[in-house]
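Hi,

Here is the structure I promised to pass on. Have a look at it first, and then read my notes below.

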Amino acid sequence: GCLKLMLGEGIALDFAVEAEADQFGKLRLQNGTGLKASLPVPNLPTGPFELQLINLELNPVNGDFRHLTLELSASFGVELGPFQASVDRLGMLLNLDIATNPPALGFDFKPPNGIGLSLDAGIVKGGGYLNIDIPRGEYSGTLELQMLAVGVKAIAILSTKTDAGFSLLLLIYGQFPA
């Protein structure tokens, strides 16, 4: 089928999305992995924003195709002077339950899977990335900053769904001139 996204007056994106059954009868999206596909976006006049991918994912709840979650999200970058950012898979979720009469339809916000930041302002340079997995309760990130001859690096991993309640690993180290 075709997917058409309207991004504003006079700006529309058309995508061809096709599904097929493999030799075992399992459904998958062409040019994707299983029922997931990331569709590249042509260059658009979007100012400081660069839309990179449209992500489409179809998830049957517990393998039951009568209860579906459809993710429609975008991966994009932002550049403002010395500051750059990237956002991975920010969008919306469509929840469809056709087992009920009448079928139930709901929408939810899809938080990003990750956010990357970088800064190059001459004497201050650095960047970092935050990975977010809300269903699993796992968060991880890295940070590196350099200010003249002083540098700071950090790595953090937080798991909030463990037998002990939560688990945190935090590594921070600095680099100073002699």
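A quick definition before anything else: two residues are in contact when they have heavy atoms within 4.5 Å of each other. With that in mind, take the contacts in the protein chain between residues at least 6 apart in sequence: 27% of them join residues at least 24 apart. Do keep in mind that this is a predicted model.

**The overall picture**

You won't find a helix here: the protein chain has zero helices and 14 strands. Reading along the sequence, you go β-β-β-β-β-β-β-β-β-β-β-β-β-β. Of the 178 residues in the protein chain, 21% are buried. The accessible surface adds up to about 12000 Å², and carbon and sulfur atoms account for 62% of that.

**Some strand pairing**

A good place to start looking is β10 (residues 114-120), which pairs with β8 in the antiparallel sense over six bridges. One of the partnerships to look up is Q84 with S118 of β10. β10 also runs antiparallel to β11 (residues 124-133), and seven bridges join these two. There, G116 has Y129 of β11 as its bridge partner. β10 and β11 make a hairpin with three residues between them, and G122 in the turn has a positive phi of about 80 degrees.

**The inside**

In general, nonpolar side chains in soluble globular proteins tend to be buried together. So where is the largest nonpolar core, and which residues form it? It has eight residues, namely V41, L51, I54, A74, F76, V78, A85 and V87. Three strands each supply at least two residues of this core: β6 (49-61), β7 (64-80) and β8 (83-97). β7 gives the largest share, with three residues.

F76 is a handy core residue to click on. Setting aside neighbours within four places in sequence, F76 is in contact with F49, E50, L51 and Q52, and also with A85, S86, V87 and L90.

**The outside**

There is a nonpolar patch on the surface too, formed by L143, L145, V150, V152, F166, L168, L170, I172 and F176. Together these residues have about 870 Å² of accessible area. β12 (138-147), β13 (150-162) and β14 (165-175) each supply at least two residues of the patch, and β14 has the largest share, with four residues.

Is F166, one of the patch residues, buried or exposed? F166 sits in strand β14, and it counts as exposed because its relative accessibility is 54%, where the cut-off for exposed is over 50%.

**A few backbone oddities**

Most residues other than glycine have a negative phi, and most peptide bonds are trans. Here are some exceptions to check:

- The peptide bond from N101 to P102 is cis, with omega near 0 degrees. P102 is in the loop between β8 and β9 (104-110).
- R89, which is in strand β8, has a positive phi, near 60 degrees.
- L148 also has a positive phi, near 55 degrees. L148 lies in the loop between β12 and β13, and it is exposed because its relative accessible area is 63%.

If you only have a few minutes, look at F76 in the core, then at F166 in the surface patch, and finish with the cis bond from N101 to P102.

Cheers

Definitions and conventions
Residues are numbered from 1 along each chain as its sequence is written. This is a predicted model: local features need pLDDT of at least 70, side-chain atom pairs count only at pLDDT 80 or more; totals for chains, interfaces and linings use all residues. Side-chain values use heavy atoms; hydrogens and water are left out. A nonpolar core is a set of buried Ala, Val, Leu, Ile, Met, Phe, Trp, Tyr and Cys residues joined through side-chain atoms within 4.5 Å. Buried means under 20% relative accessible area, exposed over 50%, partly exposed in between (1.4 Å probe, protein chains only). Patches are made of residues with over 30% relative accessible area and no salt bridge: like charges are joined within 9 Å, nonpolar side chains (Val, Leu, Ile, Met, Phe, Trp, Tyr) within 5 Å. Accessible areas come from the Shrake-Rupley method with a 1.4 Å probe; for residues, only the protein chains shown count as cover. A salt bridge is a side-chain nitrogen of Lys or Arg within 4 Å of a carboxyl oxygen of Asp or Glu. Two strands pair if DSSP finds at least two bridges between them.
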